[in-house]
Amino acid sequence: MGELSHKAARGAFGLAVDKTLKYMNKEPENRDKALLKLVDLSEDFMGEIYQKESYEGARALIQNHDAKWTKYFYRLLDEIDPHVIKMTALNLGFEAAFHGTKTIRKKRREHRCNIPWLILLDPTSACNLHCTGCWAAEYGHKLNLTYEELDSIITQGKELGIYFYMYTGGEPLMRKADILRLCEKHSDCAFHAFTNGTLVDEAFCQEMKRVGNLSLSLSLEGFEEANDVRRGSGIFDKVLAAMDLLKAHGQIFGTSICYTRNNLETVTSDGFLDLIIEKGCRFTWYFHYMPVGNEAAVELMPTKEQREYMYHRVREIRGMEGGKPIFAMDFQNDGEFVGGCIAGGRNYCHINANGDVEPCVFIHYSSANIHEVSLLEALKQPLFMAYRDAQPFNENHLRPCPMLENPELLQEMVARTGAHSTDLQSPESAEHLCGKCQEYAKDWKVCADKLWAEHPKQAVGYQNYKQENED
């Protein structure tokens, strides 16, 4: 798509969003018409990217006013700031999902390497908290990517079709001013920050509303006692207060939850979900505890029974009926929907505060640093190419990870490619890391293979997008 036609298409999409928002407080039939027009326009733009059934399903859902997710969607449109809605639709929808996806597919064929849909960036390793066992602290205390370096990464990424950037750390909001500057300069991108929530204040919420293209995930470990024993006294209340502010300012936000053997049942309980929904959370990320680092607590890894419980519980939470009106995502158990492991640049990669370009936020090995090579060169580093050649790492996408469920594979790739540990405080060998996963992988295999054999979608098959690169 040429520059002029791209701008014209974005403009047309923006007008359709404006019309939809205009009718949100009008009669239901007018709201439906506006939304259906938006679906039609989306199909015109993105029809070749997504299956026709997806658009038909969206149309049916819009007209079923009693459906759980229709109510969820209309409530979101009623409660979120209109500018935030429009920027999200344009940047995460039009730019990232449509224009970006088309560009990325072209660039993958052109460069014959993985090009991610999103990049996870650490602006800083610094943090205002000192949480027990935090893996981010392994990088050291005062590492930073400068504004100019972050700007360069995003500029290079957009040339490859990447319009979605997530921040972690450290605590990314230690760099509030630079994050907002990047939102302003790259107003066609969607940004998301994983934060402890304690630095969210009135002024920052006003700035988020102004730029419109930054959303947040707030970290929680459970209710007050479980959360504060790890994060510090009073942190739970500060997070809830941040949620109140974000909700009052019409922001899109959710939670980021690391589930362990100790808190798994609590963070998926009705009571906990009811609390965060009432506070305004629209989604929740669930991350399986990873035994990363020389001092990792292996005893916190969920049992195979607990992980199977998570598999079923998350699907229950986000079901078309029942469950809860919050969109739950389980990074480890949702591999079936994305064809297995998405790391190594396949759908995402991680750049730490030292500039090391890593395959995954949990896999701290690399042979490329953004200070020394371009983003494209980093994506072509030997470790990333090894990921590309081997993905999916398992035909059972409930066993997606080359570390957690297939630990022999990460060891082999690191050894063969000469990647080094990027842990600046206590470098950990791949053998040591993966050795902690061997028994877990063996136990989970029994459950995962049983679930996969029973899964109705197995017969559909999943195509590793690498194949499209080779066409």
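## Core, aromatic pairs and helix α16

Phe194 and Phe287 are both buried. The model in which they lie is predicted. By the rule applied here, the structure holds 17 aromatic pairs. In one of them, the ring centres of Phe194 and Phe287 are 6.1 Å apart and the planes stand at 75 degrees; because an angle over 60 degrees counts as edge-to-face, the pair belongs to that class. This contact links distant parts of the chain, as Phe194 lies in strand β3 (residues 190–195) and Phe287 in strand β6 (residues 283–288), 93 residues apart. The two residues also belong to one aromatic cluster, together with Trp285, Phe331, Tyr348 and Phe362.

Two arginine side chains place their charged ends over tyrosine rings.

| Charged residue | Ring | Distance from ring centre |
|---|---|---|
| Arg181 | Tyr147 | 3.6 Å |
| Arg315 | Tyr311 | 3.8 Å |

The largest nonpolar core comprises 140 residues, and Leu216, Tyr286, Met403 and Leu410 have the most contacts inside it. Beyond four places in sequence, Leu216 touches residues including His192, Phe204, Leu246 and Phe283.

Leu410 is also one of the buried residues of helix α16 (residues 407–417), along with Pro407, Gln411, Met413, Val414 and Thr417. Viewed down the axis of α16, the buried residues fall within an arc of 165 degrees and therefore line one face of the helix. They pack against β10 (365–366), α15 (382–390), α17 (430–435) and α18 (438–454). The face turned away from this buried side carries the exposed residues Ala415 and Arg416. After α16 comes Gly418, with a positive phi near 75 degrees.

Note on methods:
Residues are numbered from 1 along each chain as its sequence is written. This is a predicted model: local features need pLDDT of at least 70, side-chain atom pairs count only at pLDDT 80 or more; totals for chains, interfaces and linings use all residues. Side-chain values use heavy atoms; hydrogens and water are left out. A nonpolar core is a set of buried Ala, Val, Leu, Ile, Met, Phe, Trp, Tyr and Cys residues joined through side-chain atoms within 4.5 Å. Buried means under 20% relative accessible area, exposed over 50%, partly exposed in between (1.4 Å probe, protein chains only). Contact means heavy atoms within 4.5 Å. Rings of Phe, Tyr and Trp (its six-membered ring) pair if their centres lie within 6.5 Å; planes under 30 degrees apart count as stacked, over 60 as edge-to-face and the rest as tilted. Helices (H or I, at least four residues) and strands (E, at least two) are DSSP runs, numbered from the N terminus. A charge sits over a ring if NZ of Lys or CZ of Arg is within 6 Å of the ring centre and within 35 degrees of the ring normal. The arc is that of the directions from the helix axis to the C-beta atoms.
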